[in-house]
Amino acid sequence: MILKKVLSYMTFVDKISIIFLLVISLVLFSVVLIDGSSDKKVIVEVNGVLHGEYDINATEEIDIDTTFGHNKIKIEKGTVTAIESSCDEQREIGQKISKVGQSIICLPNCVIIRISGNTDIDGVTY
């Protein structure tokens, strides 16, 4: 009842303007949701030295064998998961990362797994 009353006061231009604004907002929202994962990559460092770079869109399991120990990660559907570690506490097991700037760290094995890539988000916004 109230909606009919409100619509009766609106002109044709008002209705077209509202539809236009809704379409523009949906387009902008979808652009924000696009992740841009094509330029993201997984960086593996051991004791501060680059061990390897991997495509985040690949599906693979990677063994990281070092003098400090063993780690295993799984890359699948744009997500990196720590699935195995030889360290005592194994706190990193099950951790998942998928965004630029996120990392998984195993201190006893001196392993850092992080996602690198371009992003328009700065430290304050993130």
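Strands β7 and β8 form a hairpin with 4 residues between them, and Cys110 in the turn has a positive phi of about 55 degrees. This description rests on a predicted model. Within the hairpin, β7 (residues 103-106) pairs with β8 in the antiparallel sense over 4 bridges, and Cys106 has Val111 in β8 as its bridge partner.

Strand β8 (residues 111-116) also shows an alternation of its side chains: Val111, Ile113 and Ile115 point to one face and are buried, whereas Ile112, Arg114 and Ser116 point to the other face and are not buried. In a regular strand the side chains alternate between the two faces of the sheet. Besides its pairing with β7, β8 pairs with β1 (residues 41-46), again in the antiparallel sense, over 6 bridges, and there Ile43 stands opposite Arg114 of β8.

An open sheet of 4 strands has the order β3-β4-β5-β6, with antiparallel pairing. Its edge strands are β3 (60-65) and β6 (96-97), each of which pairs on one side only. Between β5 (residues 79-85) and β6 the antiparallel pairing extends over 2 bridges, and Val80 has Ile97 in β6 as its bridge partner.

The antiparallel pairs with their bridge counts are set out below.

| Strand pair | Bridges |
|---|---|
| β1 and β8 | 6 bridges |
| β7 and β8 | 4 bridges |
| β5 and β6 | 2 bridges |

Turning to the surface, Phe12, Val13, Ile16, Ile19, Val23, Val27 and Val31 form a nonpolar patch, with about 680 Å² of accessible area together. One of these residues, Ile19, is found in helix α2, which covers residues 12-33.

Note on methods:
Residues numbered from 1 in each chain as written. Predicted model: local features only at pLDDT ≥ 70, side-chain atom pairs only at ≥ 80, totals over all residues. Heavy atoms only, no water. Patch = residues over 30% accessible without salt bridge, like charges linked within 9 Å, V, L, I, M, F, W, Y side chains within 5 Å. Areas by Shrake-Rupley, 256 points an atom, 1.4 Å probe, with all protein chains shown as cover. Salt bridge = Lys/Arg side-chain N within 4 Å of Asp/Glu carboxyl O. Pairing = 2+ DSSP bridges. Buried < 20%, exposed > 50% of the residue type's maximum accessible area, 1.4 Å probe, protein only.
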